[in-house]
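Hi,

Here is the structure I said I would pass on to you. Have a look at it first, and my notes on the cysteines and the packing follow underneath.

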Amino acid sequence: MCAADGVFPEIAVLTGAGISAESGLATFRGAGGLWNGRRVEDVATIEGFKKDPDTVWRFYNSLKKETVAALPNDAHKALSRLQKAYPAKVSIFTQNVDLLHEKAGTQNVYHIHGRIDRALCMNCMRSNPSESEITFDAPCPFCGKPALKPDIVFFGEVPYYLDLVQQKLSSCGVFIAVGTSGVVCPAASFVFTAKENGAKTFEFNTEPSGNPAFDTAVTGKAGETLPPFVDKILSAVERQENLF
Ligand code: APR
């Protein structure tokens with residue numbers, strides 16, 4: 001029985017593009033962001049994909065190359081340490097399609113907006129690994145039809161793992177949002193659900209959102225602010241002190 005089981009509540013973490021910024025990956029909004037110079041409608045909607053699948057595949061193939069080369073930063077590593085310390089208590093939900101949480105050693109990361117290393121067949125609806133570049137006429141490995149799209153949740157599509165998210169938001173005692181602008185639903189509503197269920201809520205961001213649902217806003221780069229926060233939690237666990 002891990003020391004934390006009796007002392008600490010469940011912790012639910014939601015990460016966004018900001019946690020990967022210090023690994024060199026562009027965020028979606030803000031100067032130089034992924035959406036800068038591109039219309040979301042063109043590369044992140046099913047209509048945009050059907051209108052010009054080659055452009056969308058080119059966008060995600062180049063994003064895949066960047067994410068494969070990127071390395072996890074201290075923020076990813078801090079969350080991996082937290083989860084390793086008490087695995088049954090820490091759930092990591094990410095809006096990111098990169099695999100930097102996994103590269104940092106975090107297990108069971110729930111990619112609610114999909115993953116860059118998978119493709120989904122729009123004919124048989126099965127998802128399959130797609131580490132290499134994909135073109136629209138590539139056949140689905142299951143049904144053979146040339147109907148593959150990136151297994152990334154486009155605007156207007158239903159994110160993955162929402163039932164599990166709701167379960168964790170109702171049982172967690174601590175909710176932490178790291179590097180997300182909180183403008184895209186349903187992820188933007190997670191903090192309200194956690195708060196309604198009595199969780200202590202924390203936001204780690206270079207520019208605090210000002211969302212009153214957050215009890216604490218920790219301003220700064222996640223790679224600098226998250227590690228000491230996790231160290232504080234872990235040392236409180238050792239002293240069997242209740243930190244929250
Ligand atoms: N540390 C902490 N926060 C940071 C850092 C950093 N080093 N760098 C940037 N940020 C913050 C920004 O202030 C911003 O609030 O990260 C946030 C990134 O916001 P977005 O670019 O909007 O990314 P995200 O919130 O993940 O977008 C959500 O929108 O476009 C869709 O599906 C896409 O998953 C994405 C979703």
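A disulfide here is a pair of cysteine sulfur atoms within 2.5 Å. Keep in mind that this is a predicted model.

With that cut-off, the number of disulfides is zero. Cys140 is in no disulfide, and the nearest cysteine sulfur, in Cys124, lies 3.7 Å away. What about Cys185, and why does it have no bond? The closest cysteine sulfur belongs to Cys172 and is 18 Å from that of Cys185, so the two are too far apart for a bond. The surroundings of Cys140 and Cys185 may interest you too: Cys140 has 4% relative accessibility and is therefore buried, whereas Cys185, at 60%, is exposed.

Now to the packing. The largest nonpolar core is made up of 25 residues, and Ile11, Tyr86, Ile176 and Leu226 have the most contacts inside it. Two or more residues of this core come from each of the strands β1 (11-15), β2 (90-94), β7 (174-178) and β8 (200-205), and likewise from the helices α5 (74-85) and α9 (222-238). The top contributor is α9, with eight residues.

Which residues does Leu226 touch, leaving aside those up to four places away in sequence? They are Ala75, Ala78, Leu79, Val178 and Phe204. Apart from this core there is another, of 20 residues, including Ala44, Phe49, Trp57 and Ala119.

Happy browsing, and do write back with any thoughts.

Best wishes

Note on methods: Residues are numbered from 1 along each chain as its sequence is written. This is a predicted model: local features need pLDDT of at least 70, side-chain atom pairs count only at pLDDT 80 or more; totals for chains, interfaces and linings use all residues. Side-chain values use heavy atoms; hydrogens and water are left out. Buried means under 20% relative accessible area, exposed over 50%, partly exposed in between (1.4 Å probe, protein chains only). A nonpolar core is a set of buried Ala, Val, Leu, Ile, Met, Phe, Trp, Tyr and Cys residues joined through side-chain atoms within 4.5 Å. Helices (H or I, at least four residues) and strands (E, at least two) are DSSP runs, numbered from the N terminus. Contact means heavy atoms within 4.5 Å.
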